[in-house]
Amino acid sequence: MSEATAEAPTWSETGSDSLARLDAELGDAIVERAAMAGDPVVRVAPDAWRRAAIACKEVVGCDYLSFVSAVDWMPAPVIGDEGAGDTSTPAQPREQTVGVAGGSTRFQLLACVESTRSPFRRVILKCDVDDAMRAESWVAVYPGADWHERETWEMFGIAFDGHPSLRHLYLPAEFEGNPLRKDFPLLAREVKPWPGLVDVEGMPGGADDEEAAE
Amino acid sequence: MSSLLAVDIGWGTTTAIKTLVVLGVVPLTALLLGYIFLLKMMSHMQSRLGPMDPGGFHGWYQLIGDGIKFLQKEDIMPAEADRKVFALAPAIVVMSTFLVFVVIPAGPRMVVRDLDVGVFYALAVSSLSVIGVLMAGWASSNKYALIGALRAAAQLIAYELPLVLAVVGVVIQTGTMSLQGIVGFQQDGAIFGFSGIGLPLILTQFVGFAIFMVAAQAELTQPPFDMPVAESELVSGYMVEYTGFRFLFFFIGEFGTAFAFSALAATLFLGGWSVPGVHGTAADVLGPAVLVVKVLFVAFLMFWARFTYPRFREDQLQALAWKWLIPIALANILVTGVLKVAF
Amino acid sequence: MKREIKGMLTGLGITFRTMTRPAVTVQYPHEREHPAPRARGVIALKEENCTVCMLCARSCPDWCIYIEGHKEQRPPRREGGKPRNVSVLDRFDIDYALCMYCGICVEVCPFDALFWSPEYEYSEPRIADLLHDKDRLGEWMATVPEPEPLELGAESKGKKK
Amino acid sequence: MTTTQPPGGLPEVEIDPAALRQLADARMNIELDTGDMILNLGPQHPATHGTLRLVVRLDGERVIAADPIIGYMHRGYEKLAEYRTYPQITTLINRIDWLSSFANEVPFIHAAERLMEVEAPPRAEYIRTILTELSRIATFLLFLGEMGLQVGAITPAFYGFRDREYVLNLIEAATGGRFHPNFNRIGGLKDDLPWGFIAECRSVMAKVMKSCDEFEDLVVGNPIFQQRTRSIGIIPAALGASYGVSGSNLRASGVDWDLRRDGPPYLVYGDLDWKVWTHPDGDSFSRYWVRLQETRESARMILQMLDALPTGPVMAKVPRIIKVPEGEAFVNTENPLGEMAYYVVSKGATGPFRVKIRSASFSNVSILPWLLRGCYVPDVVTILASLYFILGDIDR
């Protein structure tokens, strides 16, 4: 992405110095940056994921790990017949979109680190994950990333290089599948018919307008 | 003794009656303490009422009903348990409670057997229960039970010493180890010539009384020394696998022993059954009531602490026993001995 | 050492003091506490207001409302008017075993057919009995409290019964 | 000394008496060397507040290694949220940290409001803050009692439950739900406060203050409690932060960081005169102490807010069918248990595309393997209690 050299947005009034230092430290590894209601969002290159964490911790002073997770940008397959008036699931756009700070892959890592000391509050980091589904682990930088990465691994199937023991966190060890992927079905919503379908018998012989009831 | 009921009763019959009385007294005292303190006092200390419905009046029937429920329950034994040891353990615990009651006097003649070494005997048999506890913990084949039993063993060994040493002061002062003798000493004693309340030894042996209470609390594995059962860590410690009537045995053992220790404390330090000036048959009639009142007072102190304090850690408990209680008890003996010789 | 002894004694003092005061508990079922009028205890159904619009069933996050109905023709309201088509409720079930007591259904109902009642005594030994049909739901209407007045400085109005 | 011959024959051993003694000692040591014991705490254990499971390797009573196993209560709220509309999701997030449900709603609602560019009226923000602090008090009162129970004192737990009940009654009177208020709406609140709430709230705050004094005397002042908790489970400030330990747990390690003051401004904390409590020690005792002070501080804040409650509506103008415009929002708040955050990705639909729920207990508990190493079994219970986690907040 060529926006790396674009003019830096006013991410945060209090933390522009820190961001400038982050810029200088990471350099070209920053693919894209954006502002989100005052919070800086930085998308880094996949091979700079751990370097970004180190830079945030050592240079910017973000000593606190809020979370590490991921987003699956693929639209979820539609359940049931769309024409039947089933509004049980909110209708999301049918085409794949990208979020703040862009993206080029289906999966994207998402993390937030915060500072407990400096007035610079926090930075949100993003990173594309290609089809190899591998990413660098943050455990060596933030030990708290251990469980977050285990969760991301089992929920999205993204493996973390350098993680001490990537095993299931929430789900039983023999569980197969990655529940938070958009193509993983939510069984609770598929085994039971939606009770919201209009179930009003028409008058015998009469053509009636069911929507009139509303 | 044979003229207890003013008729001539043979030795065998008397023994049988006494045995039955003790057999009945132990569960009864357990019920009494359990109801008054565990159900009612604790509830009120926690701003609630406790059971109110069973039996109509303040839930007096609750514990009896619980006991009957326990008897009806299925006897569950873990598959891996050492069956014989598992079954025997609660009996040993209860047995030690029964044996203590043998020497506790409730009146000049209201005693099963007034041994010359009564104090020694009572303290010795009361610590038998630790064998039952160890057996229970080992035989349950449960890690929680095992840890609990080992803690109990360590704890009871550590607290047997201050318990005995605390009593030595009393023995030195009275010059007898017979419990009747000690009661008699207190009944006939006088405080600087005033004999209205006799001479309760708590006045001279206050340090001994305090150490005895602390050590008894530890012997009974009550908070703040309840590590062997430690509800929040070991769930129930050595009794974790016990259900039904075997659990009932442990319950009776716990509260029966609490009563026995309270009775010992009342006898040794508060004058036991004695009422100054009352002797003979009148004392036999009045004695048990006086003793029970004193026991309830001592038990109140015990349970008050039980429901107020958090529990120690095992190493902290050992430190308390060896670094504080035993030296203080030894000093108490020394002072008592010196004073005894001096006066 | 002095502080330790004081700490031990004040603790005993607090438990003793509490013992001498009356208990705060209520002897249920001999006495009952009355929940706040707003308490979300059970949902009451005013059947004649329901138009089988399905809004509540749709907005339920748990899918625990089951509604069936049919259409009927009614005579016109005024002389000479057209006969009206009305939806008549056949079935209105709420499965309290699933219900999360969020109150969204009560809120979305455009015809004021659903109300909250603070009643809470409807536990059942069998889970299937927690499915209340429209008659059972209608019985709860008697327990729906009047809307309570609001605190000083409030502007919005409560829902009418 | 031993000499060996080439293979084929028995080795010829020259016996040296000293070596023999050594050998015997070695054998003795092997015999005395007790094997480690694996102890399984939970998923059903009184110290684990639900269904946390701890597998600890013990040498005697000393913990060599501990491995928390979570997920027995995993409900998959992040997945469920993708299938629901915004108003429906608040009912889910009520149940994340079920002791302070109202506080859970606030960051999510704020995230949605930020995306919709709606602002709740000032009265609504005040009432939100009052109820958030009430749920903080309710949560902490339970902790103050529960911690006593975990170290073996049975009575404080009842006092905690007793006094929490007053606060829960208040929350129920205002929201209709004791535990699951579901009272926040995008753009404001469902309803205004009921008549008499302010007066009742004042008297309850007096009770809370008294209750705090009681805990101070009954628990904090007790030397046994201090022995059990002081210098047990020390979390160094820097390590705690890098584990993501937050809230009172981090403040008890001396980190002066409270999102109510230091985060992006939210609710009305900026209008209030209050103090962030810290303790330099970082042990279990200081965690208890900090929470005790914060309970008092919350009560003081509520009294201030009751005095300054503005008049006006409690609901801004929002469309009947809520569609949140495309965008992303990250809102974190200082919940009773620590930092709770929602990362909401919206694509313009009636429901979010993805919700990342960052719950406090999850990160707080993730430090356990490090923290439990080397302590005793009773300390495990103390540490678990002092970290104060809610299983729903770990497993989500």
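How many residues of chain D are in contact with residues of chain B? In this predicted model, the count comes to 25 residues on chain D, which touch 23 residues of chain B. Several elements of chain D give two or more residues to that side, namely β1 (37-41), α5, α6 (155-175), α8 (223-229) and α15 (377-387). The largest share comes from α8(D), with four residues. Sorted by class, the side of chain D facing chain B holds 15 nonpolar, seven polar and three charged residues.

Chain D also touches chain A. Here 38 residues of chain D meet 36 residues of chain A. At least two residues apiece are supplied by α2 (77-81), α9, β6 (327-335), β7 (338-346), β8 (354-358) and α13 (360-365) of chain D. The class make-up of this side of chain D is 16 nonpolar, 12 polar and 10 charged residues. Five pairs of chains touch, and the pair with the most contacts is A and D. Chains A and B, on the other hand, share no contact, and their closest C-alpha atoms lie 25 Å apart.

One residue gives a close-up of chain D beside chain A. Tyr243(D) sits in helix α9 (residues 237-243) of chain D. Is Tyr243(D) buried or exposed? There are 27 C-beta neighbours inside 10 Å of it, so Tyr243(D) counts as buried, the cut-off for that being 20 or more. Setting aside neighbours within four places in sequence, Tyr243(D) is in contact with Pro143(A) and Gly144(A) from chain A, and with Ser363(D), Ser366(D) and Ile367(D) from its own chain. Of these partners, Ser366(D) is 123 residues away from Tyr243(D) in sequence, yet their C-alpha atoms are 7.1 Å apart in space.

Elsewhere in chain D, a pair of helices packs together. Helix α4 (residues 101-116) of chain D and helix α5 (residues 122-150) of chain D meet at an angle of about 135 degrees, their axes 7 Å apart. These two helices, α4(D) and α5(D), are therefore oblique to each other, since angles over 145 degrees would be needed for roughly antiparallel. The crossing of α4(D) past α5(D) is left-handed. On the α4(D) side, the residues that meet the partner helix are Ser101(D), Phe102(D), Ala103(D) and Val106(D), while α5(D) brings Arg128(D), Leu131(D), Thr132(D), Ser135(D) and Arg136(D). By class, this contact between α4(D) and α5(D) has four nonpolar, three polar and two charged residues.

Chain B has a helix pair of its own. Helix α6 (residues 143-174) of chain B packs on helix α11 (residues 314-342) of chain B at an angle of about 15 degrees, with 8 Å between the axes. That angle makes α6(B) roughly parallel to α11(B), as it falls under 35 degrees. This crossing, too, is described as left-handed. The contact of α6(B) with α11(B) is made up of 17 nonpolar, seven polar and three charged residues.

Another helix of chain B lends itself to a quick length check. Helix α9 (residues 244-269) of chain B has 26 residues, which at 1.5 Å a residue should span 38 Å; the end C-alpha atoms are 37 Å apart, so the two values agree. As for its surroundings, α9(B) is mostly covered, with 23 of its 26 residues buried. Just after α9(B) comes Gly271(B), which takes a positive phi of about 90 degrees.

Key:
Residues numbered from 1 in each chain as written. Chains lettered and ligands numbered in written order. Predicted model: local features only at pLDDT ≥ 70, side-chain atom pairs only at ≥ 80, totals over all residues. Axes fitted to C-alpha atoms, helices over the stretch in contact; angles between N-to-C directions. Parallel < 35°, antiparallel > 145°, perpendicular 65-115°, else oblique. Left-handed = near helix turned anticlockwise from the far one by under 90°. Nonpolar A, V, L, I, M, F, W, Y, C, P; charged D, E, K, R; others polar. Contact = placed C-beta atoms within 7 Å. Buried ≥ 20, exposed ≤ 12 C-beta atoms within 10 Å, placed from the backbone. Expected span 1.5 Å × (residues − 1).
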